[in-house]
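Thanks for asking me to look through this one. Here are my notes, set out so that you can follow them with the viewer open.

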Amino acid sequence: MRSIRARIILITVVAIILSMTISMVLGIIDVVEVGQDNSEQVLDLLCETGEKNLNYYFSSVEQSVKMVASYAETDLESVQTPDMSEHIKYVDALFGKIARQTNGVLTYYYRIDPEYSTDVTGFWYVDSNGNGYVAHEVTDITKYDTNDTTQLVWYTVPKASKNPVWIPPYITDNLDARVISYNVPIFCHNTFIGVIGIEIDYSTMANQVDNIKLYENGYAFINDKDGNLIYHPFIDVLSLPKEEIPTVPKEFLQNERFIRYEFDGTEKEAVRVKLANGMMLNVTVPISEIHGNWKGLIRRTILISIGLLLLFVLITLQFARHITHPLTELTKAAERVSEGDYDVELNHSRKDEVGILTHSFRLLIDHIKGYTSELNKLNSQLKEDNLTLEAATIRDSLTGVKNRFALRRDYEKYIETDLFLLMLDIDDFKRVNDTLGHSVGDYLLKKTGDALLDHFGAEHSYRYGGDEFLVIFPNSSKEEFEALLKGLKEQLEEIYLEEKKMSVYYSAGYVFGKTLLQDDLRLMLRQADELLYEAKKSGKNSFIGKEYDREYAEHIRKKEEESFRQG
């Protein structure tokens, strides 16, 4: 006997081959992740290198200015009343030596506050053509409002902040040159003396940034802490009005070191670091170039893997079709049986596991046919019993009309309906029970129920409780209802008690109108009950009807609730 187990083993072998293919795909994924990590490391390393070069340059400028500033403050504080002319001469000599040893210095200066000294103004040296520093007339500060930090920023900002500060790129007023500057305020015994600073050529910083390149379209740029561009290789920041200078994408304002963003429809990845002067250096590269080195290899590997997978799938399908054909036939037969069709034919008769299963399935179908026949008989009997039980649940056993349980169940169908609602009561019913006995009372209730069923039908007649009956008759004209009511009265007048033919009398109250809201039916019941009470008070044996008045019914309800609260 050829076992189905052997066939399953064959499929398992194919599955193992497929698993090896999946493992290869997972290996490719690992290669991708490693490639991405390596690309990020290269990007990070390039950014760090640029950061170190720029920080070294900015730090050298800061150290030069701070060294001169320290010397100046020490010289000023060494005497009680400093000689400013001599002081400027010493600082000028020192600053000249230090400026010549600092790369990229365009100008250096020491400007004395006019409020401190009007005779000694300081100095300003400029190297505009690379031939050496030449003394330049200092800026006349008295022409500016030194409390306005938007003017003469190299002077007003450090004076206002009282701390060393880097000033973002600006164009000098006198030289029309693009510069950034580092400035230190000078104090002597807590008195502001002036500002010492260096302006470096904007192009020196730009060259440093331009040297940071990666792949074909990678570049670096600098922005301040607020996201405003300081330098961009493709945007001339200083030539634009301040309000037109673009800001960096919002992703650069987060605290992440690695950033992915989209710019001009191109997905990019960037690394950002904070420079020593508070600015942010960003190195950005298109993601397509980052992944370009290993995408070709991955693409070829994927194509080969897909080819192998297709081949193995075809092989598996061929074997599966041969192996599972009898199981497919058995499944179809099971589906037909589940739909109630037991006339199925199964021809698989080989002595393997599927053959044994097919034989067992045939026996199962035969048993199901027998059980189904029995169940159908039981189901029919159950339906009859349910109808009997439902009738017993919603019908009053004595009178045959519906009970209050049925009324609660029917309540929703009377909402938003034009209807007549009748409350009927047997006059002096308690006296009948007390004098003639409960059997006579039951007879009277039964005859009353028969009269209601004869005229209003079982669908609309209810026993409300004791000797009270209720009729809810919807979608009827007043003429039709009054005709039915007249017939009811006549039939009730034919009811007598005992052989003496003692007359039985009835009182009723009814209302008619439309139920618009959820509580209208309950309010109608209250108004009809009130009309029944009026009929009793008027001498009994009378029927009183009125149009439904919601406000009046509400008044009745509130009066009843008040009576209940007062006991």
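The points below go through a few regions of the structure, one at a time.

1. A word on the source first. This is a predicted model, so please read every distance and angle below as a value computed from predicted coordinates.

2. Let us start with Arg111, which sits in strand S1, spanning residues 105–112. Is Arg111 buried or exposed? Its relative accessible area is 6%, and because the cut-off for buried is under 20%, Arg111 counts as buried. A polar atom of the Arg111 side chain lies 2.9 Å from the backbone oxygen of Thr121.

3. The surroundings of Arg111 are worth a look too. Setting aside neighbours within four places in sequence, Arg111 is in contact with Thr121, Val138, Thr139, Asp140, Ile141, Trp154, Tyr155, Ile193, Gly194 and Val195. Ile196 is 85 residues away from Arg111 along the chain, yet the C-alpha atoms of the two are separated by 6.6 Å.

4. Next comes strand S11, residues 280–286, where 7 of 7 residues are buried. Both faces of S11 are covered. One side carries Met280, Asn282, Thr284 and Pro286, and the other Leu281, Val283 and Val285. That split fits a general pattern: side chains in a regular strand alternate between the two faces of the sheet.

5. Which strands pair with S11? Strand S7 (residues 219–223) is joined to S11 by 5 bridges, in the antiparallel sense. Strand S10 (residues 266–274) also runs antiparallel to S11, with 7 bridges between them. Met280 of S11 is a handy landmark here: Asn223 has Met280 as its bridge partner, and so does Lys274. The hairpin of S10 and S11 has 5 residues between its strands, and Gly278 there takes a positive phi near 90 degrees.

6. Further along the chain there is an open sheet of 5 strands with mixed pairing, in the order S13-S14-S12-S17-S18. Its edge strands are S13 (461–465) and S18 (543–547), each of which pairs on one side only. On average, neighbouring strands of this sheet are turned by 20 degrees against each other, direction ignored.

7. The individual pairings give the detail of that sheet. S13 and S14 run antiparallel and are joined by 4 bridges, with Ser461 matched to Val471 in S14. Their hairpin has 2 residues between the strands, and Gly466 takes a positive phi near 60 degrees. S12 and S14 are antiparallel as well, over 7 bridges, and Leu419 stands opposite Pro474 in S14. S17 (residues 506–514) and S18, in turn, run parallel with 5 bridges, and Gly509 stands opposite Ile544 in S18. As for burial, 6 of the 7 residues of S14 are buried.

8. What packs on this sheet? Helix H10 does, touching S12, S13, S14 and S17, and its direction makes about 5 degrees with that of S14. Helix H11 (residues 478–493) lies across S12, S14, S17 and S18, running at about 15 degrees to S12.

9. H10 also meets another helix. The axes of H9 (residues 429–436) and H10 (residues 438–456) come within 7 Å and cross at roughly 140 degrees. That makes H9 oblique to H10, because only angles over 145 degrees count as roughly antiparallel. On the H9 side the contact involves Phe429, Val432, Asn433 and Leu436, and on the H10 side His438, Val440, Gly441, Leu444 and Leu445. By class, this contact has 6 nonpolar, 3 polar and no charged residues.

10. Finally, please look at Thr448, which lies in H10. Thr448 is buried, with a relative accessible area of 0%. Where does its side chain reach? The side chain of Thr448 comes to 2.8 Å from the backbone oxygen of Leu444, a residue that also takes part in the contact with H9. Not counting residues up to four places away in sequence, Thr448 touches Leu424, Ile426, Phe469, Leu492, Ile495 and Tyr506.

Note on methods
Residues numbered from 1 in each chain as written. Predicted model: local features only at pLDDT ≥ 70, side-chain atom pairs only at ≥ 80, totals over all residues. Heavy atoms only, no water. Buried < 20%, exposed > 50% of the residue type's maximum accessible area, 1.4 Å probe, protein only. Contact = heavy atoms within 4.5 Å. Polar contact = N/O pair within 3.5 Å; in protein donor to acceptor, adjacent residues only side chain to side chain. Axes fitted to C-alpha atoms, helices over the stretch in contact; angles between N-to-C directions. Parallel < 35°, antiparallel > 145°, perpendicular 65-115°, else oblique. Nonpolar A, V, L, I, M, F, W, Y, C, P; charged D, E, K, R; others polar. Pairing = 2+ DSSP bridges.
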